[in-house]
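User: Could you take a close look at one helix for me, and then at whatever else stands out around it? I'd like a connected walk-through rather than a list.

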Amino acid sequence: MAAEPDLYLASKSPRRSLLLTEAGLRFALCEPGAEYVDGATELQSQAGDPGRLALERAHRKAAGAAPPRDDVPVLAVDTVVDLDGQELGKAADRDAAEAMLRRLSGRTHSVHTAHVLQRSGNTCAELVTSRVQCARADDERVRAYLDSGQWRGKAGAYGIQDPGQDFFQLVDGAYDNVVGLHVAAVLRLLHGACEEGRA
């Protein structure tokens with residue numbers, strides 16, 4: 001008989017699944033709730049504080065999740081790229097991705113990841129922030145990364161872990177937070193934060 005999971009991950013992100021697997025956590029996937037309202041989509045940069053937006057989306061994903069069992073914690077996560085207080089969403093196409101990379105070039109930005117855990121009727125959350133520097137990449141390096149397609153489906157049109165790029169570098173905070181979730185935050189939430197009533 002299969003072991004009971006430590007949690008359900010309400011996410012379709014393969015990167016988040018990989019991070020939890022590498023951390024040795026037993027988990028199963030479940031469908032997340034709808035994260036956007038009023039016709040907004042992941043291909044738009046929404047107005048408002050990026051960290052707050054991440055928390056709101058993660059709460060909606062958790063609240064609307066459909067786990068097979070209600071006695072196992074549900075984790076929902078949302079990651080945003082924050083350039084000077086403005087969110088950079090996921091690029092709709094290559095041109096949009098190039099425009100985002102040009103905006104980030106030569107600048108430092110924040111990456112916020114909101115982690116929301118629901119357990120036994122209680123909800124707790126933790127927002128983790130890292131800082132990333134983007135070097136001034138020449139046209140050839142940017143084109144090569146765009147050609148790789150690795151930017152697709154990623155906030156800010158990049159993945160710090162992507163082998164197709166070498167111009168993004170972590171300067172402060174946790175690396176896994178930039179990839180898609182901070183394992184230490186997940187462990188903190190699992191090990192009692194909800195019982196303590198943190199939100």
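Analyst: Here's a look at helix α3, followed by the cysteines and the largest pocket. Keep in mind that this is a predicted model.

Helix α3 covers residues 94-104, and its buried residues are Ala97, Met100, Leu101 and Leu104. Those four sit on the same side of α3, because they cover an arc of only 100° around the axis. What do they pack against? The buried residues of α3 are in contact with quite a list of elements: the strands β3 (74-83), β4 (86-88), β5 (108-119), β6 (122-134) and β7 (168-172), plus the helix α4 (139-148).

Now for the two ends. At the start of α3, Asp93 has a side-chain oxygen within 3.3 Å of the backbone nitrogen of Asp95. After the helix comes Gly106, with a positive phi near 75°.

On to the cysteines. Cys30 counts as buried, at 8% relative accessibility, and so does Cys134, at 2%. As for disulfides, searching the whole structure turns up zero.

Two of the strands that α3 packs against, β3 and β4, show up again at the largest pocket, which has a volume of about 520 Å³. Its lining has 35 residues, and the closest to the centre are Arg15, Arg16, Thr79, Lys90 and Gly153. The elements giving two or more residues to that lining are α1 (14-22), α2 (50-63), β3, β4 and α5 (175-179). Of these, β3 gives the most, with four residues.

Definitions and conventions:
Residues numbered from 1 in each chain as written. Predicted model: local features only at pLDDT ≥ 70, side-chain atom pairs only at ≥ 80, totals over all residues. Heavy atoms only, no water. Buried < 20%, exposed > 50% of the residue type's maximum accessible area, 1.4 Å probe, protein only. Arc of directions from axis to C-beta. Contact = heavy atoms within 4.5 Å. Polar contact = N/O pair within 3.5 Å; in protein donor to acceptor, adjacent residues only side chain to side chain. Disulfide = S-S within 2.5 Å. 1 Å grid on protein atoms, 1.4 Å probe; cavity = no way out; pocket = protein on both sides within 12 Å on 5 of 7 lines; lining within 4 Å. Points joined across faces, edges and corners; volume = space filled by probe spheres on them.
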